[in-house]
Amino acid sequence: MYEPIRTKSVHRMADDARDTFPHRSREEELDIQLAGHLAALLAVTDELGDTEAGELIAGQVARLRGAPPARHARLSGSSAEALHQRAHALAGRALVVAASRADTAAAILAAERMDAHTAALADDSLVGTP
């Protein structure tokens, strides 16, 4: 009545799958996440034209990834205020991840960048006031 199964099953048991693909540790995942946040912060920092901070951030990204980050000079056309807000948010995310992985150097850098962007936002808002 039914055709017998002649091929091997494509399904595996859950125990078999555990050994067949590589897993990353929590520290590796946090390294990847931190490098991503710092690379995004680097892009915004480069767009703002802050070369000194850009070099510091690039050094941290290179340390985490093992290779220097790709840098670009593409401009988004965003206002300086929007760029500083974006950079502040990215530095905050980097700070959270750096603190969770106990990376003091990256945490200090992220906190300094948050302070710098907060100060820049305060200065920008004072320029427009009468």
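Helix H2 covers residues 26-48, a run of 23 residues. From its first C-alpha to its last it reaches 33 Å, close to the 33 Å expected at 1.5 Å a residue. Keep in mind as you look around that this is a predicted model.

Which residues of H2 are buried? Several are leucines, including Leu30, Leu34, Leu38, Leu41 and Leu42. The list also holds Ala35, His37, Val44, Thr45 and Glu47. Just after the helix comes Gly49, with a positive phi of about 85°.

Glu47 deserves a pause. This residue of helix H2 is buried yet has no salt bridge. How far away is the nearest side chain of opposite charge? That side chain belongs to Arg86, and the distance is 4.8 Å. A salt bridge needs a side-chain nitrogen of Lys or Arg within 4 Å of a carboxyl oxygen of Asp or Glu. Leaving aside neighbours within four places in sequence, Glu47 is in contact with Arg74, Leu75, Ser76, Gly77 and Ser78, and also with Leu83.

Leu83 takes us to helix H4, where it is one of the buried residues. H4 spans residues 80-100, and its 21 residues reach 30 Å from the first C-alpha to the last, close to the 30 Å expected at 1.5 Å a residue. Alongside Leu83, the buried residues of H4 are His84, Ala87, Leu90, Ala91, Gly92, Ala94, Val97 and Ala98. Just after this helix, Ala102 takes a positive phi of about 60°.

From here, move on to His117, which sits in helix H5, residues 104-127. Is His117 buried or exposed? It counts as buried because its relative accessibility is 2%, and the cut-off for buried is under 20%. Outside its neighbours within four places in sequence, His117 is in contact with Leu41, Leu48, His84, Ala87 and His88. Some of these partners are already familiar: Leu41 is among the buried residues of H2, while His84 and Ala87 are among those of H4.

Now step back to the whole chain. It has five helices and zero strands, so to speak an α-α-α-α-α order from the N terminus on. Of the contacts with a separation of 6 or more, 68% are between residues 24 or more positions apart. Buried residues make up 28% of the 130 residues. The chain exposes about 9000 Å², and carbon and sulfur atoms supply 56% of that area.

Conventions:
Residues are numbered from 1 along each chain as its sequence is written. This is a predicted model: local features need pLDDT of at least 70, side-chain atom pairs count only at pLDDT 80 or more; totals for chains, interfaces and linings use all residues. Side-chain values use heavy atoms; hydrogens and water are left out. Helices (H or I, at least four residues) and strands (E, at least two) are DSSP runs, numbered from the N terminus. The expected span of a helix is 1.5 Å times one less than its number of residues. Buried means under 20% relative accessible area, exposed over 50%, partly exposed in between (1.4 Å probe, protein chains only). Contact means heavy atoms within 4.5 Å. Accessible areas come from the Shrake-Rupley method with a 1.4 Å probe; for residues, only the protein chains shown count as cover. Lys and Arg count as positive and Asp and Glu as negative; His and the chain ends are not counted.
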